[in-house]
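Me: Could you take a close look at one part of this protein for me? I'd like to hear about the sheet and the helices that lie on it.

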Amino acid sequence: MGVFTLSNARKFFAILGGLYVGAIVLLTIPYFQTHTLFLHAVKFPLFADFDMPEKYGLAPNKTINLKINTPDNETLGAWFVLSDPFYHSLPAIPTQPSELIPTTLKKNPTILFFHGNAATRAFNARIQIYTALSSRLSANVLAIDYRGYGDSTGTPTQPGVARDARAAWNWLIQNGATPDQILIVGHSLGTAVSSLLAAELSDESISPRGLVLMSPFSSIAKVLETYSIFGFLPLIKPLAMLPWAVKLLMSTVIHKFETDTLIPRIKGPVLIAHAENDWEIPYSHSQALFDAFLDPILPPSPELPTNAASLSQEQWSQYMEQLNIRKEKREQAVTSVELHNFGTIHEATLSGRKVVFLHTLAGGHDYLGVQEGVHDVIGRTFGFFRH
């Protein structure tokens with residue numbers, strides 16, 4: 001009986017290993033890689049009626065269903081949510097809410113929201129974010145579905161979703177918003193899209209109100225290194241025993257989304273927010289991005305030689321001294337405030353602009369953006385609460 005059980009166990013692990021290798025091989029094929037990264041074929045809620053945002057919990061005629069055209073002739077589905085104060089100031093529920101867009105864009109700040117992968121703009125967690133932002137921050141919200149998502153045409157690619165982001169920005173400007181009224185907010189995959197837009201605008205000396213990155217990742221390569229299925233099964237760490245296999249996989253990545261390399265180009269104020277209990281993207285990604293923003297004002301980080309054991313006592317002492325100098329400079333540059341039962345706010349002023357890292361205790365991955373404390377930090381950082 002014992003031999004039989006052992007044989008079955010071997011077969012089980014052999015099958016499991018085969019499935020794992022098969023999955024990794026599929027990730028090297030552009031078609032499967034695109035679908036795995038963007039998950040645009042997962043269109044929750046199923047058969048969504050985007051013309052009826054009220055069906056998903058939004059107030060009557062508070063949300064306008066839109067179509068936005070891109071420079072390369074794709075059509076994006078989008079929702080424009082009127083800010084709560086503006087909506088409540090109307091004498092009655094509007095019958096032609098689309099006619100009010102230019103007026104509310106001039107009167108109120110607007111959040112340009114870019115969602116994560118999978119699902120659509122009608123997904124419940126995203127509805128909660130729109131509702132919270134329009135009420136607690138008194139802001140309009142424009143949320144788009146990238147090409148290939150929801151009722152948008154096309155297929156997502158990195159250059160494609162970057163064009164989608166710019167098309168949404170241009171739509172706001174063409175309808176009466178000014179750059180300083182627009183706060184760019186991205187969640188998960190949307191942080192990569194937001195960063196591409198922010199970098200492009202900075203290159204053109206256009207200054208939005210700021211940039212918010214919720215649950216971001218530093219790059220797709222780093223996601224592959226740190227991602228765990230269901231929060232505990234590492235995706236590619238089992239390949240570590242085959243360095244060539246890891247290099248092969250990394251070399252096939254076509255949608256790189258290297259937010260960490262965009263940081264030197266992003267000039268405006270930035271807020272990075274991440275939950276400690278995010279099991280999809282570890283908060284270490286946000287720490288790395290925050291540190292990347294700090295890099296220009298810190299001494300260079302010393303590199304530890306590959307063969308550290310060969311260092312002399314003097315060389316090791318010099319290495320540690322350089323590390324300590326960098327650590328001290330960082331502590332001087334960053335102000336940290338711990339908020340009981342909520343998290344810690346780390347803030348630095350770099351070239352006259354704020355860069356904030358909000359490290360919360362809770363919120364997970366999908367629901368970080370519905371926390372009142374997160375909205376309050378956004379509001380205080382970007383001047384939404386001025387009277």
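Reply: Happy to; here is a walk across the sheet and then over to its helices. This is a predicted model, where local features need pLDDT of at least 70, side-chain atom pairs count only at pLDDT 80 or more, and totals for chains, interfaces and linings use all residues. Residues are numbered from 1 along each chain as its sequence is written, and side-chain values use heavy atoms, with hydrogens and water left out.

Ten strands make up an open sheet with mixed pairing, in the order β1-β2-β4-β3-β5-β6-β9-β12-β11-β10. Strands here are DSSP runs of E with at least two residues, helices are runs of H or I with at least four, and both are numbered from the N terminus; two strands pair if DSSP finds at least two bridges between them. At the edges, β1 (63-69) and β10 (335-339) each pair on one side only. From one strand to the next, the twist averages 20°.

Now zoom in on β5 (residues 182-187) and β6 (residues 210-214), which pair in the parallel sense over five bridges. In this stretch, His-187 stands opposite Met-214 of β6.

Helix α7 (residues 189-203) lies across β3 (110-114), β5 and β6, and runs at about 145° to β5. Such angles run from 0 to 180 degrees between N-to-C directions, with axes fitted to C-alpha atoms, for helices over the stretch in contact. Helix α13 (residues 372-381) also packs on the sheet, touching β5, β6, β9 (270-275), β11 (343-350) and β12 (353-360); contact means heavy atoms within 4.5 Å. The direction of α13 makes about 170° with that of β12.
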